[in-house]
Amino acid sequence: MSLLETCALRAFYGDFQALFDIDFRIDAGETVAIIGANGAGKTTFLRSVIGVLVGSPEMVTFDGDKVGGLPAHALVRRGIAMVPEGRMLFPSLTVEENLRIGAYGRRTGAWDLQRVYRLFPILEERRNTPSMQLSGGQQQMAAIGRALMSNPRIMLCDELSLGLAPIVIGQIYEGLAVIAAEGMTLIIVEQDIHRALAAADRFYCFQEGRVSLTGPAAGYDQAAITAAYFGV
Ligand SMILES: Nc1ncnc2c1ncn2[C@@H]1O[C@H](COP(=O)(O)OP(=O)(O)O)[C@@H](O)[C@H]1O
Ligand SMILES: [Mg+2]
């Protein structure tokens with residue numbers, strides 16, 4: 001059985017329908033990429049899964065339970081954590097304070113400050129620095145660390161590489177590989193097709209609120225992905 005599944009998931013902003021009947025599944029321990037152009041509905045999908053956008057119960061199944069429509073805090077407690085686009089750290093709080101906020105209401109498990117600092121040693125060096133003084137890459141590491149502090153069973157990562165230099169993106173993705181190797185289930189949303197597919201077991205391509213293509217990441221068909229991504 002899949003760890004997380006959506007069935008005919010729809011999402012609306014007022015009268016505007018942003019997602020149409022999304023069927024998605026991810027098994028425990030898998031890394032699944034969601035790729036798609038700007039505006040395709042990737043963030044809306046993640047926000048629907050974590051309960052920020054209200055859905056109906058049967059739309060989302062987590063660990064066998066229908067959880068669609070539960071509030072976001074209830075889903076965090078069940079083990080769904082988001083690394084949001086834009087990182088959303090508290091700017092005047094230090095790195096360590098931001099990480100401790102992630103631990104509020106945490107599940108029991110192996111992730112703690114020490115383990116996050118081992119994953120991203122720069123965060124320990126900068127533990128007493130307000131997060132607004134961090135580089136973009138360090139902020140992204142802190143945002144990942146904050147999500148890990150809740151000891152999630154699945155992490156939803158939205159555009160981790162946005163605005164970062166290639167070398168820094170490489171460091172972030174090395175960290176993700178470690179997290180995945182330790183058994184975490186990961187959904188990674190990216191506009192960068194190659195980066196996402198290199199890290200993932202499978203992918204879904206979104207186009208205008210629909211799944212336009214899905215399949216294994218290894219040996220993907222470049223032409224098919226280009227068509228599914230751009231709709232040409
Ligand atoms: N808060 C909002 N209110 C109204 N429309 C929105 C809102 N957020 C996103 N949208 C619209 O929903 C669609 C999907 O957006 P989004 O999920 O942010 O796409 P992506 O993350 O793939 O770039 C777009 O057409 C976008 O303009
Ligand atoms: Mg987005």
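Six strands of this predicted model make up an open sheet. Read across it, the order is β6-β7-β8-β3-β9-β10, and the pairing is mixed. Two strands sit at the edges: β6 (80-83) and β10 (210-216). Each of these pairs on one side only. On average, neighbouring strands are turned by 15° against each other, direction ignored.

Now look at one pair inside the sheet. Strand β3 (residues 31-36) runs parallel to strand β8 (residues 185-190), and five bridges link them. To find your place, start at T31, which stands opposite L186 in β8.

Helices come next. Helix α9 (residues 222-230) packs on the sheet and touches β3, β9 and β10. Its direction makes about 40° with that of β9. Helix α1 (residues 42-49) lies across β3, β6, β7 (154-158), β8 and β9 (202-207). Against β7, helix α1 runs at about 150°.

Helix α1 also leads us to ligand 1. Three residues of the shell around ligand 1 come from α1, the largest share. Strand β2 (16-26) supplies at least two residues as well. Among the residues surrounding ligand 1 are Y13, F16, A18, G36, N38 and K42. By type, the shell divides into four nonpolar residues, six polar and one charged.

Finally, try a check on helix α7 (residues 166-181). How far apart should its ends be? The helix has 16 residues, and at 1.5 Å a residue it should span 22 Å. Its end C-alpha atoms are 22 Å apart, so the expected span and the model agree. Just after α7, G183 takes a positive phi of about 105°.

Terms used
Residues numbered from 1 in each chain as written. Chains lettered and ligands numbered in written order. Predicted model: local features only at pLDDT ≥ 70, side-chain atom pairs only at ≥ 80, totals over all residues. Helix = DSSP H or I, 4+ residues; strand = E, 2+ residues; numbered from the N terminus. Expected span 1.5 Å × (residues − 1). Pairing = 2+ DSSP bridges. Axes fitted to C-alpha atoms, helices over the stretch in contact; angles between N-to-C directions. Contact = placed C-beta atoms within 7 Å. Near = placed C-beta within 6 Å. Nonpolar A, V, L, I, M, F, W, Y, C, P; charged D, E, K, R; others polar.
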